[in-house]
Amino acid sequence: MNIVLFGKPGAGKGTQAPKIAEQLGLPTLATGNVLRSAVKQGTALGLEAKGYMDRGDLVPDSVILGMVAEEMSRPEYAGGVILDGVVRTVPQAIGLETMLKPLGRKVDAVVSLEVPDEEIVRRMGTRTVCSTCQTPYSDLKPGDRCPNCGGVVMRRTDDEPEAVRNRLNVFAAQTAPVFDWYRQNGARLVVVDANGAVGDVTKRVLRALGK
Ligand code: AMP
(Lines give C-alpha, C1' and ligand atoms only; values in the text may rest on other atoms or scores of the structure.)
Protein backbone atom coordinates (compact mmCIF):
# COMPACT_ATOMS: atom_id res chain seq x y z
CA MET A 1 0.00 0.00 0.00
CA ASN A 2 1.31 3.46 -0.90
CA ILE A 3 -0.18 6.19 1.27
CA VAL A 4 0.30 9.95 0.94
CA LEU A 5 -0.07 11.82 4.23
CA PHE A 6 -1.42 15.22 3.40
CA GLY A 7 -1.94 18.32 5.55
CA LYS A 8 -0.77 21.78 6.49
CA PRO A 9 2.61 22.20 8.14
CA GLY A 10 2.03 21.33 11.79
CA ALA A 11 -1.00 19.12 11.11
CA GLY A 12 0.86 16.17 12.61
CA LYS A 13 2.19 14.32 9.55
CA GLY A 14 5.60 13.78 11.14
CA THR A 15 4.04 12.59 14.40
CA GLN A 16 1.48 10.29 12.81
CA ALA A 17 3.58 8.80 9.99
CA PRO A 18 5.73 6.49 12.20
CA LYS A 19 2.71 5.43 14.28
CA ILE A 20 0.57 4.56 11.27
CA ALA A 21 3.58 2.92 9.61
CA GLU A 22 4.19 0.72 12.63
CA GLN A 23 0.57 -0.44 12.68
CA LEU A 24 0.53 -1.16 8.95
CA GLY A 25 4.05 -2.64 8.81
CA LEU A 26 5.20 -0.09 6.24
CA PRO A 27 8.29 2.16 6.10
CA THR A 28 7.97 5.95 6.06
CA LEU A 29 9.64 8.38 3.70
CA ALA A 30 9.66 11.94 5.04
CA THR A 31 11.07 14.37 2.49
CA GLY A 32 11.58 17.11 5.11
CA ASN A 33 13.73 14.70 7.17
CA VAL A 34 15.81 13.67 4.14
CA LEU A 35 16.35 17.36 3.29
CA ARG A 36 17.24 18.36 6.88
CA SER A 37 19.80 15.52 7.04
CA ALA A 38 21.27 16.72 3.74
CA VAL A 39 21.50 20.29 5.08
CA LYS A 40 23.18 19.04 8.26
CA GLN A 41 25.70 17.00 6.27
CA GLY A 42 26.33 19.88 3.86
CA THR A 43 25.73 17.77 0.73
CA ALA A 44 24.99 19.35 -2.67
CA LEU A 45 21.29 18.62 -2.12
CA GLY A 46 21.42 20.27 1.30
CA LEU A 47 23.18 23.37 -0.01
CA GLU A 48 20.58 23.73 -2.76
CA ALA A 49 17.61 23.19 -0.43
CA LYS A 50 18.63 25.23 2.64
CA GLY A 51 17.57 28.71 1.49
CA TYR A 52 14.12 27.54 0.37
CA MET A 53 13.60 25.64 3.63
CA ASP A 54 14.67 28.48 5.92
CA ARG A 55 12.21 30.85 4.22
CA GLY A 56 9.42 28.27 4.32
CA ASP A 57 9.33 28.03 0.52
CA LEU A 58 9.07 24.78 -1.39
CA VAL A 59 12.23 23.19 -2.76
CA PRO A 60 11.90 22.99 -6.58
CA ASP A 61 9.90 20.04 -7.94
CA SER A 62 12.81 18.73 -10.03
CA VAL A 63 14.99 18.46 -6.91
CA ILE A 64 12.24 16.77 -4.90
CA LEU A 65 11.32 14.31 -7.64
CA GLY A 66 14.97 13.34 -8.18
CA MET A 67 15.38 12.80 -4.46
CA VAL A 68 12.15 10.79 -4.12
CA ALA A 69 13.05 8.61 -7.13
CA GLU A 70 16.41 7.82 -5.55
CA GLU A 71 14.87 7.02 -2.17
CA MET A 72 12.01 4.97 -3.64
CA SER A 73 14.48 2.79 -5.57
CA ARG A 74 15.63 1.29 -2.24
CA PRO A 75 14.39 -2.27 -1.61
CA GLU A 76 12.80 -1.27 1.70
CA TYR A 77 10.19 0.78 -0.17
CA ALA A 78 9.34 -1.93 -2.74
CA GLY A 79 6.38 -3.27 -0.74
CA GLY A 80 4.74 0.08 -0.02
CA VAL A 81 5.39 3.32 1.80
CA ILE A 82 3.87 6.07 3.90
CA LEU A 83 4.88 9.34 2.26
CA ASP A 84 5.16 12.25 4.71
CA GLY A 85 5.73 15.70 3.21
CA VAL A 86 5.42 14.71 -0.39
CA VAL A 87 3.22 15.29 -2.44
CA ARG A 88 3.20 19.10 -2.10
CA THR A 89 2.51 20.28 -5.66
CA VAL A 90 0.51 19.01 -8.64
CA PRO A 91 3.72 18.44 -10.70
CA GLN A 92 4.97 16.26 -7.81
CA ALA A 93 1.70 14.26 -7.93
CA ILE A 94 2.15 13.72 -11.65
CA GLY A 95 5.86 12.89 -11.22
CA LEU A 96 5.11 10.34 -8.50
CA GLU A 97 2.44 8.70 -10.63
CA THR A 98 4.90 8.47 -13.53
CA MET A 99 7.46 6.92 -11.17
CA LEU A 100 5.08 4.30 -9.73
CA LYS A 101 3.19 3.27 -12.88
CA PRO A 102 5.94 1.20 -14.54
CA LEU A 103 6.28 -0.68 -11.25
CA GLY A 104 2.57 -1.56 -11.28
CA ARG A 105 2.06 0.71 -8.27
CA LYS A 106 -0.06 3.74 -7.52
CA VAL A 107 -1.03 6.00 -4.63
CA ASP A 108 -3.65 3.87 -2.88
CA ALA A 109 -4.90 6.48 -0.44
CA VAL A 110 -4.40 10.16 0.35
CA VAL A 111 -4.96 10.85 4.03
CA SER A 112 -5.64 14.49 4.85
CA LEU A 113 -4.97 15.48 8.47
CA GLU A 114 -7.22 18.46 9.14
CA VAL A 115 -6.45 21.06 11.81
CA PRO A 116 -7.65 24.70 12.07
CA ASP A 117 -5.05 27.44 11.39
CA GLU A 118 -5.14 28.77 14.99
CA GLU A 119 -4.16 25.32 16.26
CA ILE A 120 -1.37 25.09 13.64
CA VAL A 121 0.11 28.42 14.76
CA ARG A 122 -0.15 27.33 18.40
CA ARG A 123 1.55 23.98 17.71
CA MET A 124 4.40 25.49 15.69
CA GLY A 125 5.03 28.09 18.40
CA THR A 126 6.13 25.39 20.83
CA ARG A 127 7.21 22.56 18.53
CA THR A 128 10.73 21.18 18.93
CA VAL A 129 12.48 18.45 16.98
CA CYS A 130 15.37 16.08 17.71
CA SER A 131 18.47 17.25 15.85
CA THR A 132 19.51 13.61 15.35
CA CYS A 133 16.45 11.39 14.67
CA GLN A 134 14.09 14.28 13.80
CA THR A 135 11.24 13.12 16.04
CA PRO A 136 8.94 16.11 16.62
CA TYR A 137 7.94 17.05 20.20
CA SER A 138 5.31 19.30 21.75
CA ASP A 139 6.41 18.82 25.36
CA LEU A 140 10.22 19.22 25.24
CA LYS A 141 12.29 22.42 25.30
CA PRO A 142 15.34 23.27 23.18
CA GLY A 143 18.38 21.64 24.79
CA ASP A 144 16.40 18.71 26.26
CA ARG A 145 17.47 15.18 25.34
CA CYS A 146 15.40 13.14 22.89
CA PRO A 147 13.79 10.15 24.70
CA ASN A 148 13.98 8.24 21.43
CA CYS A 149 17.71 8.49 20.62
CA GLY A 150 19.39 10.77 23.18
CA GLY A 151 19.99 13.55 20.61
CA VAL A 152 19.62 17.24 21.46
CA VAL A 153 16.16 18.70 20.93
CA MET A 154 16.00 22.05 19.10
CA ARG A 155 13.62 24.49 17.39
CA ARG A 156 13.30 24.35 13.60
CA THR A 157 14.33 27.62 11.90
CA ASP A 158 11.20 27.40 9.75
CA ASP A 159 8.90 27.15 12.80
CA GLU A 160 9.51 30.84 13.61
CA PRO A 161 6.44 33.06 12.96
CA GLU A 162 7.50 34.64 9.64
CA ALA A 163 8.38 31.31 8.03
CA VAL A 164 5.21 29.70 9.45
CA ARG A 165 3.07 32.43 7.86
CA ASN A 166 4.82 31.85 4.55
CA ARG A 167 4.43 28.08 4.82
CA LEU A 168 0.67 28.41 5.38
CA ASN A 169 0.42 30.71 2.33
CA VAL A 170 2.49 28.28 0.27
CA PHE A 171 0.21 25.44 1.40
CA ALA A 172 -2.91 27.31 0.28
CA ALA A 173 -1.42 28.33 -3.08
CA GLN A 174 0.58 25.26 -4.11
CA THR A 175 -0.32 22.27 -1.95
CA ALA A 176 -4.09 22.50 -1.39
CA PRO A 177 -4.75 21.93 -5.15
CA VAL A 178 -3.03 18.54 -4.86
CA PHE A 179 -6.03 17.11 -2.99
CA ASP A 180 -8.35 18.13 -5.83
CA TRP A 181 -5.94 16.65 -8.36
CA TYR A 182 -6.12 13.29 -6.56
CA ARG A 183 -9.92 13.59 -6.39
CA GLN A 184 -10.08 14.19 -10.13
CA ASN A 185 -7.71 11.30 -10.75
CA GLY A 186 -9.73 8.77 -8.80
CA ALA A 187 -7.53 8.29 -5.73
CA ARG A 188 -9.09 7.18 -2.47
CA LEU A 189 -9.35 10.28 -0.29
CA VAL A 190 -9.53 10.02 3.48
CA VAL A 191 -10.23 13.11 5.60
CA VAL A 192 -9.38 12.85 9.29
CA ASP A 193 -9.95 15.31 12.15
CA ALA A 194 -6.38 15.68 13.45
CA ASN A 195 -7.29 17.66 16.57
CA GLY A 196 -6.83 15.94 19.90
CA ALA A 197 -4.57 13.35 21.45
CA VAL A 198 -1.94 11.73 19.20
CA GLY A 199 -3.20 8.19 19.88
CA ASP A 200 -6.79 9.15 19.10
CA VAL A 201 -5.77 10.64 15.74
CA THR A 202 -3.80 7.49 14.87
CA LYS A 203 -6.88 5.37 15.64
CA ARG A 204 -9.07 7.64 13.48
CA VAL A 205 -6.65 7.29 10.55
CA LEU A 206 -6.48 3.50 10.85
CA ARG A 207 -10.26 3.24 11.17
CA ALA A 208 -10.75 5.48 8.13
CA LEU A 209 -8.36 3.24 6.19
CA GLY A 210 -10.37 0.21 7.29
CA LYS A 211 -7.49 -1.21 9.40
P1 AMP B 1 8.51 19.30 6.44
O2 AMP B 1 9.46 18.70 7.40
O3 AMP B 1 7.69 18.28 5.69
O4 AMP B 1 7.66 20.39 7.06
O5 AMP B 1 9.40 20.02 5.33
C6 AMP B 1 10.26 21.08 5.68
C7 AMP B 1 10.63 21.90 4.45
O8 AMP B 1 11.31 21.04 3.51
C9 AMP B 1 9.45 22.46 3.67
O10 AMP B 1 8.97 23.68 4.21
C11 AMP B 1 10.08 22.64 2.29
O12 AMP B 1 10.96 23.76 2.27
C13 AMP B 1 10.94 21.39 2.17
N14 AMP B 1 10.18 20.26 1.59
C15 AMP B 1 9.89 19.07 2.19
N16 AMP B 1 9.18 18.29 1.36
C17 AMP B 1 9.00 19.00 0.22
C18 AMP B 1 8.31 18.76 -0.99
N19 AMP B 1 7.66 17.62 -1.22
N20 AMP B 1 8.33 19.74 -1.93
C21 AMP B 1 8.98 20.89 -1.74
N22 AMP B 1 9.64 21.20 -0.62
C23 AMP B 1 9.65 20.27 0.37
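**Ligand shell, second pocket and a helical salt bridge**

A polar side-chain atom of Arg156 lies 3.0 Å from an oxygen atom of the ligand, a pair inside the limit for a polar contact (N or O atoms within 3.5 Å). The model is predicted, with local features needing pLDDT of at least 70 and side-chain atom pairs pLDDT 80 or more, while totals for chains, interfaces and linings use all residues. Numbering runs from 1 along each chain as its sequence is written, and side-chain values use heavy atoms, without hydrogens or water.

**Exercise 1.** Describe the surroundings of the ligand, from its residues to its buried area.

*Solution.* Step 1: the ligand has 16 residues around it (a heavy atom within 4 Å); Thr31, Arg36, Asp57, Gly85 and Gln92 come nearest. Step 2: sort the shell by class, which gives six nonpolar, four polar (Gly among them by convention) and six charged (Asp, Glu, Lys, Arg) residues. Step 3: find the main contributor, helix α2 (a DSSP run of H or I, at least four residues), which spans residues 31-41 and supplies four shell residues. Step 4: list further side-chain pairs. In Arg88, a side-chain N or O atom is 2.9 Å from a ligand oxygen. In Thr31, a polar side-chain atom is 2.8 Å from a ligand nitrogen. Step 5: the isolated ligand exposes 480 Å² (Shrake-Rupley, 1.4 Å probe), of which the protein buries 95%.

**Exercise 2.** Determine which residues and elements line the second largest pocket.

*Solution.* Step 1: the lining holds 17 residues, with Arg36, Val39, Met154, Arg156 and Thr157 nearest the centre. Here a pocket is an open set of points on a 1 Å grid where a 1.4 Å probe fits, with protein on both sides within 12 Å along at least five of seven lines, and lining residues have an atom within 4 Å of a point. Step 2: α2, α3 (44-55) and β5 (128-130) each give two or more residues to this lining; a strand needs at least two residues in E. Step 3: α2 has the largest share, four residues. Step 4: by class, the lining splits into five nonpolar, five polar and seven charged residues.

**Exercise 3.** Explain how Lys50 and Asp54 are placed in helix α3.

*Solution.* Step 1: the whole structure has 13 salt bridges (Lys or Arg side-chain nitrogen within 4 Å of an Asp or Glu carboxyl oxygen). Step 2: Lys50 and Asp54 form a salt bridge, their closest N and O atoms 2.5 Å apart. Step 3: the two are separated by about one helical turn because they are four residues apart in α3.

Methods. Polar contact = N/O pair within 3.5 Å; in protein donor to acceptor, adjacent residues only side chain to side chain.
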